[in-house]
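Thank you for making time this morning. I would like to walk through one model with you, beginning with the chain as a whole, then turning to a sheet, and ending with a single residue.

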Amino acid sequence: MQSFLRVSPALLVSTFCLAGCGGFTPQDAPNSAAIVSNAALTVAPSPPLPYAVLAVDPAILKWANSITDRGGGSFSKLPGGNYKDITIGVGDIVAVTIFEAQSGGLFIPREASVRPGNFVDVPRQQVDQSGNITIPYAGSIKVAGLTARAVGDIIRERIKNRAIDPQAVVSVVEQRGNQISVLGEANAPLRFPVDPGGIRVLGAIARAGGPKNPAWETKVRIKRGGRTYVETMSSIVRHPEEDAFLAPGDVVYLSREPRIFMVFGSTPSPGSIGGTNNRRFTFENDTMTLAEAIAKAGGLDGSRANSPSVYVLRLEPRNVLKSAGIDVARFGGELVPTVYNFDWSKPDGMFFADSFQIRDHDAIVVSESPSTELLKFFSLMIAGTDTAVNIQTLTR
């Protein structure tokens, strides 16, 4: 019995390690060895993704922020919408009044006492699916796509040989075909007819009571002609050219889509700041700088962070990088993985960080100091030594 208790501590430690590898210790998921060993096929990893690392200086800072401030340009390129006359659409209710120069003609009786006046109102009609209405003695007239004035000219031309110097006045009593819909996260979604002078995006949203959510969390989509155009509410407000004219039949849809950024690396552990997960954050205003983003994540961890190596990872348009004088010959595709490097050990790096604007889905990485790995190794060695000593003490 004594010989069994005097087992070498090193042997006991190695035995426990082997037992743990065999499933002795609890696990909440399969480990990497189990996953790889049971695979029917293992595909070799692809070559490393090429990316560009840019040390931030005043020129890089100005250039990067200019891209962030630039509008998306989706709505400024919208075709049509800038019009003066509203055309008649299918489903509209149309009123027609026909005037004659004197009684005794086609519509005005010869006896003045029978009917006063020199005009007659044709019963209101709804434009049918073929785009037509029917006028007595003029027949079926295709009015869809025409202005009210153009329809009046057609009616006059068709009855001029039967009526006495006729004139026709056409008006749209109720627009049902040429309407704009504002839906989604609006305070009062509605559908309304287009004004003769036209209406812009912000004007239509105002008619719907405005957005329910802040502008920096609101996306605006316009569906027109089988295509959908997307822009942020903030961009429309900041860039007047994005506040485009809407066209009849447009559907404007508002949705809440908060912008986010993520912080990884040597910042306080998740849950240590106010008991919340401090790795994924939402924007709290229209713009946010790198300094504000890291401050929201709890700042740099003074015991682990490598302050000269703070990075922002994002995809930048290839043509924009090229216009800034950066060699992009090694990169394929329209987007280039780009890493911005900030040196927080110097005051100018802090100033740059306080001016650098964060974008949606940016990844911020605070690298660890090289000494951290060494400290981790020493901690494991000390823990292992203490365990061996404790085991040896128990076996004596």
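**From the whole chain to one loop residue**

Let me start with the surface, where the protein chain exposes about 22,900 Å², of which carbon and sulfur atoms supply 57%. Please keep in mind throughout that this is a predicted model. Of the 396 residues of the protein chain, 36% count as buried, and the secondary structure comprises eleven helices and 16 strands. As for contacts in the chain with a separation of 6 or more, 67% of them are between residues 24 or more positions apart.

Now to the sheet that I would like to discuss in some detail. It is an open sheet of five strands, with mixed pairing, and the order across it is S8-S7-S11-S9-S10. Which strands stand at the edges of this sheet? They are S8, residues 190-193, and S10, residues 227-232, and because each has a single partner strand, one side of each is left without a neighbour in the sheet. Averaged over the sheet, and with direction ignored, neighbouring strands are turned by 20° against each other.

Taking the S8 edge to begin with, this strand pairs with S7, residues 179-184, in the antiparallel sense and over four bridges; within that pairing, Gln179 has Pro193 in S8 as its bridge partner.

At the S10 edge, the partner is S9, residues 218-224, and these two strands run antiparallel, joined by six bridges. One of the residues bridged here is Arg221, whose partner in S10 is Val230. S9 and S10 form a hairpin with two residues between them, and in the turn Gly225 has a positive phi of about 55°. As a general remark on strands, side chains in a regular strand alternate between the two faces of the sheet.

Finally, let me turn to Leu300, which lies in the loop between helix H8, residues 290-296, and strand S14, residues 305-317. How accessible is Leu300: buried, partly exposed or exposed? Its relative accessible area is 25%, so Leu300 counts as partly exposed, given that buried would require a value under 20%. Leaving aside residues up to four places away in sequence, Leu300 touches Ser266, Ile294, Ala305, Ser307, Val310, Trp344 and Val366. For Val310, one of these contacts, the C-alpha to C-alpha distance from Leu300 is 9.5 Å, with the two residues ten apart in sequence.

Notes. Residues numbered from 1 in each chain as written. Predicted model: local features only at pLDDT ≥ 70, side-chain atom pairs only at ≥ 80, totals over all residues. Heavy atoms only, no water. Buried < 20%, exposed > 50% of the residue type's maximum accessible area, 1.4 Å probe, protein only. Contact = heavy atoms within 4.5 Å. Areas by Shrake-Rupley, 256 points an atom, 1.4 Å probe, with all protein chains shown as cover. Pairing = 2+ DSSP bridges. Axes fitted to C-alpha atoms, helices over the stretch in contact; angles between N-to-C directions.
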